[in-house]
Amino acid sequence: MREVIFIKQNKEKWFEYEQAIFGKIKKGPDYLANMYIQLMNDLSYSQTYYPKSKTTAYLNYLAVQTYQNIYKTKRVESNQLVHFYKFEVPLIVYQYKNYLIFSALLFFVLVGIGAISSHYDESFVRLILGDSYVNTTLNNIKDGDAMAIYQSGSNWGSFIGITFNNLSVGLRLFVYGIFGGLGTLVYLFHNAIMLGSFQYFFVQQGEFTESFKGIWLHGAMEIFSMVIEAFAGFILGASILFPKTFSRIDSFKNGFKNGFKIYIATVPFTILAGFIEGFVTRYAQQMPDILNYFIIFGTFILIFYYFVIYPKKVYRKIHN
């Protein structure tokens, strides 16, 4: 069957399903269950004959949204917070996985630009990080402790201040997506350039290993969270710019809801990163290297698994 005929035969049904998903028409759990079966049949057909079509992507979106509505209605989890992290967020991440790839690639390209700029312009680091920070760190390096700046302040004070600052940064990365994603792009540009310049500064001073063991104790989780938060912002921006078959207001509402859920999902990781920075990073130089690297790679694997590998597993589980 030609795709145009397939669409023509089913478009009214899909439109009705779309209305049910957005709550414009009230339907019970039996209707949702039947709707999910019908969508999976249509999706299976579309994946077979039009695997790279926008129709397939559209039906996949409807199927994921329907699955989430069914589980909300049935309350299969006694703890809704468990359901949120176990099913809802991973399915949203998988649905928008291309935006996550874009966010990650863009971030690391910008980090590279920051590092390259610092390599070719010695004044660039001071322009980005400020004279006070650079001079203080240079003095710390002369004194034999490149990471001494992380030992200032109390444990609890550092933890609380750092955590609230990082939560604020993440919220801005998401909310600024309301400007068609441009606000997120600009704010991500600022933070990524700073990171690239910051890390390359220690490379220039011959302190890469020491800085890696200190900065990335908390940075592995903190930086990846920033990528995810920018990902949420790009979802919001894309919902405004590319409503597809939805009205722009419906697309915006859905984009905001899904983007905000992804931001909320990063909060535990941001808090843990703040805890590590406040209570652990200050002792990085005294820690055994094996423990140091275990924390760095362990936290990175944890957040990478949850946002990259686990969503695919959840999607395959419910579609098989």
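Me: A salt bridge is a side-chain nitrogen of Lys or Arg within 4 Å of a carboxyl oxygen of Asp or Glu. With that in hand, what makes Glu210, Lys213 and Asp289 a network?

Reply: Happy to go through it, keeping in mind that this is a predicted model. Lys213 and Glu210 meet through their side chains at 3.6 Å, N to O, and Asp289 pairs with Lys213 at 3.0 Å between the closest N and O atoms. Both values are within 4 Å, so each pair counts as a salt bridge. Glu210, Lys213 and Asp289 are thus linked in a network of salt bridges.

Me: Which parts does the pair of Asp289 and Lys213 tie together?

Reply: Asp289 belongs to helix H12 and Lys213 to helix H10, so this salt bridge ties together parts that are 76 residues apart in sequence. Lys213 and Glu210, in contrast, sit 3 residues apart in helix H10 (residues 208-241), about one helical turn.

Me: Why is Lys213 called buried, and what are Glu210 and Asp289 called?

Reply: Lys213 has 9% relative accessibility, and buried means under 20%, so the word applies. Glu210, at 24%, and Asp289, at 40%, fall between 20% and 50%, so they are partly exposed.

Me: How many salt bridges are there by this rule, and how do you know that Asp131 and Arg126 form one?

Reply: The count comes to 5. For Asp131 and Arg126, the closest N and O atoms are 3.2 Å apart, which is within 4 Å, so the pair passes. Asp131, with a relative accessible area of 44%, and Arg126, with 31%, are each partly exposed.

Me: On to the rings: how many aromatic pairs are found, and why is the pair of Tyr45 and Tyr50 named as it is?

Reply: The whole structure holds 33 aromatic pairs. Tyr45 and Tyr50 have ring centres 6.1 Å apart, within the 6.5 Å limit, and planes at 65 degrees, over 60, so the pair is edge-to-face. Tyr45 is partly exposed at 25% relative accessibility, whereas Tyr50 is buried at 9%.

Me: What makes the pair of Phe269 and Tyr306 tilted?

Reply: The centres of Phe269 and Tyr306 are 6.0 Å apart and their planes meet at 40 degrees. That angle is neither under 30 nor over 60, so the pair counts as tilted. The pair links distant parts of the chain, 37 residues apart, with Phe269 in helix H11 (residues 248-279) and Tyr306 in helix H12 (residues 289-319). Both residues are buried, and they belong to one aromatic cluster that also includes Phe84, Tyr85 and Tyr310.

Me: How do you know that Lys97 lies over the face of Tyr94?

Reply: Lys97 is 4.2 Å from the ring centre of Tyr94, and the distance limit is 6 Å. Lys97 is accordingly listed as lying over the face of that ring.

Me: Tyr94 is in H4; where does H4 bend, and which proline follows?

Reply: The bend is about 30 degrees at Glu88, and Pro90 follows within four residues. Helix H4 (residues 80-95) still reaches 21 Å from its first C-alpha to its last, close to the 22 Å expected for 16 residues. Its buried residues include Phe84, Glu88, Pro90 and Tyr94.

Definitions and conventions:
Residues are numbered from 1 along each chain as its sequence is written. This is a predicted model: local features need pLDDT of at least 70, side-chain atom pairs count only at pLDDT 80 or more; totals for chains, interfaces and linings use all residues. Side-chain values use heavy atoms; hydrogens and water are left out. Buried means under 20% relative accessible area, exposed over 50%, partly exposed in between (1.4 Å probe, protein chains only). Helices (H or I, at least four residues) and strands (E, at least two) are DSSP runs, numbered from the N terminus. A charge sits over a ring if NZ of Lys or CZ of Arg is within 6 Å of the ring centre and within 35 degrees of the ring normal. The expected span of a helix is 1.5 Å times one less than its number of residues. The bend at a residue is the angle between axes fitted to the seven residues ending there and the seven starting there.
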